[in-house]
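Here are a few exercises to work through with the structure open beside you. Try each task before you read the solution under it.

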Amino acid sequence: MPTRRTAPESQRWKALLFISIAQLMVVLDGAVMNIALPSAQQALHFTDGSRQWVVTAYGLAFGGLLLVGGRIGDMVGRKRTFLIALAGFAVASAIGGLAVNAAMLLLARALQGVFAALLAPAALSLLSLSFTQPKERAKAFGVFSAVSIAGGAVGLIVGGLLTQYLNWRFAMFVLVPIAVIGILGASRTVHDDGERHRARLDLPGVLLASSGLVGLVYGFSVAESHGWSAGVTIGSFTAGVLLLATFVVVQARVTSPLLPLRVLTERNRAAAYLSVGLAIVSMFGMFLLLSYYFQQVKGWSPVMAGLAFMPMAVPQAIGATQIGARLAHRIAPRPIMVGGYLVTAVGLVLLALLDANSGFPEIAFAEAVIGLGIGTAFMPAMSISTHGVEPKDAGVASAMISSSQQVGGSIGTALLNTIATSSAATYLLSHGGPTAQAQQRNEALMHGYSVAYWLAVGFVVAAAIVSVTMVNAGAPKHVPAPTDALGDVAPVPVH
C-alpha cells in the first residue's frame with residue numbers, strides 16, 4: 001500500500017465525491033427498482049412467478065462476478081475499470097428504460113449487475129489508494145458508508161416519485177446522468193498509482209462459480225411452477241451444488257485461483273460471509289414482498305410505498321453508525337452480531353403477524369425493529385470479514401463479503417417470492433378458488449407473505465447461531481488495528 005500522497009488534498013476529497021457518486025448509483029438502482037417493479041410488471045405483462053428475476057438477474061450477475069471484477073481491476077487498472085464500469089452501467093440502464101418486454105428488461109438488469117461487479121471492487125480500491133492515513137481513511141470510508149445508507153433511503157422515495165409522476169422507465173433512465181457525472185468527474189480527479197497484478201485470470205473458476213450459482217437460484221425459481229420434488233427443480237439444485245463443489249476443488253489446485261481458499265478458512269471471516277449471506281436472504285425477500293404488500297394489499301401509491309420504507313431505513317443507519325460502530329470500539333463483535341440478528345428476527349415475527357387491516361403504526365414499528373437490528377449486526381460483521389487477512393488477499397476478501405450479500409439477496413428474492421406465491425395459491429384454492437372475492441384474495445396474499453416471513457425468521461436466527469458458534473475475535477483492545485485497506489471497508493446496507 002503506498003504511503004505517499006499522490007494528489008493534492010483538495011483533489012483527493014473531490015475524488016471521494018465522484019467515487020461516492022458511483023456507489024450511490026449502485027445503491028439507487030436496487031432501491032428504485034423495488035418500488036418500480038409492480039408498475040413494470042403491469043406494463044410488460046410478466047407473471048408473479050417471474051417477477052423476482054428482475055431483481056435476481058442483477059443480484060446474481062453482481063454477486064457471481066464480484067471476485068472476477070476485483071481481479072480484472074488489479075490486472076488492467078482500477079481507474080480504467082472504474083470508468084468502463086460507469087459507462088457500461090449507463091448503457092445498461094438506458095436499455096432497461098427502453099425495454100419493450102420482460103426479456104429485454106432482464107437482459108438490462110443482468111448487464112447492470114455485470115458492470116456493478118466491476119465497479120464496486122474498483123471503487124473500494126481507489127478509495128484505499130487515495131486515503132492512506134488512518135484518520136483520513138476512516139473519515140473517507142465513513143462518508144462512503146453514509147452515502148450507501150442515505151442512497152438507499154433516497155432511492156425508495158425517488159423510485160416512488162418517478163414511478164407515480166413520470167413512468168417506471170425513469171427508474172432506469174435516472175441512473176444515466178448520474179453515471180455521466182461520475183465519469184466526467186472521476187476522469188479528472190481519481191488517480192490509480194497502485195501496483196497492477198499480471199496473474200492470469202482463472203477462467204475455469206469464473207465459469208464454475210457463475211454456473212453453480214445460476215443453478216441454485218434457478219432451482220428456487222422453478223420450484224413455484226414445477227414443485228419442490230420435480231425433476232427440473234432437483235436437477236437444478238444438484239447441478240448447482242456439484243458445480244460449486246468442483247469450483248472449490250479447482251481453486252485448491254490452480255496456481256492463480258479466483259478465490260484463494262485461505263480467505264475462507266479463518267473462522268471469523270467465514271462466519272461473517274455466512275451470517276451476512278443468511279441474513280440477506282431474509283432481507284431482500286422481505287423488501288420485495290413488502291413492496292407488493294404496500295401497493296397491492298394496502299393500495300398505496302408508489303410514492304407512499306417508498307415513504308413507507310423510511311421507518312426501516314432511518315433506524316438501520318442509526319443501528320450501524322450509532323450503536324454497532326460505538327459498541328464495536330468497546331466489546332467483542334460476537335454479542336453485537338448475535339443481539340442484532342435476534343432483534344431483526346423479532347421484527348420479522350411482527351411482520352408475519354400483520355394482516356390486511358394492520359395500521360401504519362404497527363407496520364412502522366416492525367420495520368423500525370428490523371432496521372435497528374440489522375444495522376447493528378452488520379457493522380461488526382463487515383469489520384471481521386477482513387479479520388487477520390493477508391495484504392495480498394485484501395481485494396478478494398473485500399469482494400467476498402459483497403458477493404455473499406448479492407448472492408444471498410438473489411436466493412432470498414427467489415426463495416421467499418416462490419414460498420409466498422405458492423402458499424397464497426394453495427390458500428386461495430381452499431378458500432374460494434377462482435371465484436374468490438377481493439377480500440379472500442387479500443387474505444391469500446397475506447397468508448403467503450406470513451409464511452415467507454416466518455421462513456425469513458429462520459434464516460436470521462441461523463445467522464445468529466453461526467455468529468455464536470464461529471466468531472471468536474476479541475475486543476478491539478486485544479486486536480491490532482489493521483493497516484491495510486481492508487480494515488476500513490464500509491458496510492453495504494440492504495435495500
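**Exercise 1. Find which residues Gly371 is in contact with, leaving aside its neighbours within four places in sequence.**

Solution. Bear in mind that this is a predicted model.
- Start by locating Gly371: its place is in helix H15, which covers 360–384.
- Next, look around it. Leaving out neighbours within four places in sequence, Gly371 is in contact with Met312, Pro315 and Gln316.
- Now take Pro315. Gly371 and Pro315 are 56 residues apart along the chain, yet their C-alpha atoms are separated by 5.1 Å.
- Finally, check the cover: the relative accessible area of Gly371 is 0%, and buried means under 20%, so Gly371 counts as buried.

**Exercise 2. Decide whether Thr321 is buried, partly exposed or exposed, and say how far it is from Gly375 in space.**

Solution.
- Thr321 is found in helix H13, residues 310–328.
- Its relative accessible area is 40%, between the 20% and 50% cut-offs, so Thr321 is partly exposed.
- For the distance, go C-alpha to C-alpha: Thr321 and Gly375 are 8.1 Å apart in space, with their positions 54 residues apart in sequence.

**Exercise 3. Work out which residues have the most contacts inside the largest nonpolar core, and which helix gives the most to it.**

Solution.
- The largest nonpolar core has 129 residues, and those with the most contacts inside it are Phe82, Leu105, Met286, Leu290, Tyr341, Leu351 and Tyr449.
- The helix that gives the most to this core is H11 (residues 267–297), with 18 residues.
- Pick Met286 and see what it touches. Not counting residues up to four places away in sequence, the list is Met312, Leu348, Leu351, Ile370, Leu416 and Tyr453.
- Some of these names come back in H14: its buried residues include Leu348 and Leu351, along with Tyr341.
- While you're at H14, check its span. With 20 residues, H14 reaches 29 Å from first C-alpha to last, close to the 28 Å expected at 1.5 Å a residue.

**Exercise 4. Sort out where His45 and Asn357 sit, and whether they are buried or exposed.**

Solution.
- His45 is in the loop between helix H1 (9–44) and helix H2 (52–76).
- At a relative accessible area of 71%, over the 50% cut-off, His45 is exposed.
- Look at its backbone too: phi of His45 is near 60°, a positive value in a residue other than glycine.
- Asn357 lies in the loop between H14 (333–352) and H15 (360–384).
- With a relative accessible area of 72%, Asn357 is exposed as well.
- Asn357 and Val297 are 60 residues apart in sequence, but 9.1 Å apart in space, C-alpha to C-alpha.

**Exercise 5. Find which residues make the nonpolar surface patch of about 420 Å².**

Solution.
- The patch is made by Leu161, Tyr165, Leu166 and Phe170.
- Zoom in on Tyr165, which is found in helix H5 (residues 134–165).
- The relative accessible area of Tyr165 is 59%, which means that it is exposed.

**Exercise 6. Sum up the whole chain: how many helices and strands does it have, and what share of its residues is buried?**

Solution.
- Count the secondary structure: 17 helices and 0 strands.
- Of the 495 residues, 57% are buried.
- The chain exposes about 19,300 Å², with carbon and sulfur atoms supplying 67% of it.
- Among contacts between residues at least 6 apart in sequence, 85% join residues at least 24 apart.

How values were computed
Residues are numbered from 1 along each chain as its sequence is written. This is a predicted model: local features need pLDDT of at least 70, side-chain atom pairs count only at pLDDT 80 or more; totals for chains, interfaces and linings use all residues. Side-chain values use heavy atoms; hydrogens and water are left out. Helices (H or I, at least four residues) and strands (E, at least two) are DSSP runs, numbered from the N terminus. Buried means under 20% relative accessible area, exposed over 50%, partly exposed in between (1.4 Å probe, protein chains only). Contact means heavy atoms within 4.5 Å. Accessible areas come from the Shrake-Rupley method with a 1.4 Å probe; for residues, only the protein chains shown count as cover. A nonpolar core is a set of buried Ala, Val, Leu, Ile, Met, Phe, Trp, Tyr and Cys residues joined through side-chain atoms within 4.5 Å. The expected span of a helix is 1.5 Å times one less than its number of residues. Patches are made of residues with over 30% relative accessible area and no salt bridge: like charges are joined within 9 Å, nonpolar side chains (Val, Leu, Ile, Met, Phe, Trp, Tyr) within 5 Å. A salt bridge is a side-chain nitrogen of Lys or Arg within 4 Å of a carboxyl oxygen of Asp or Glu.
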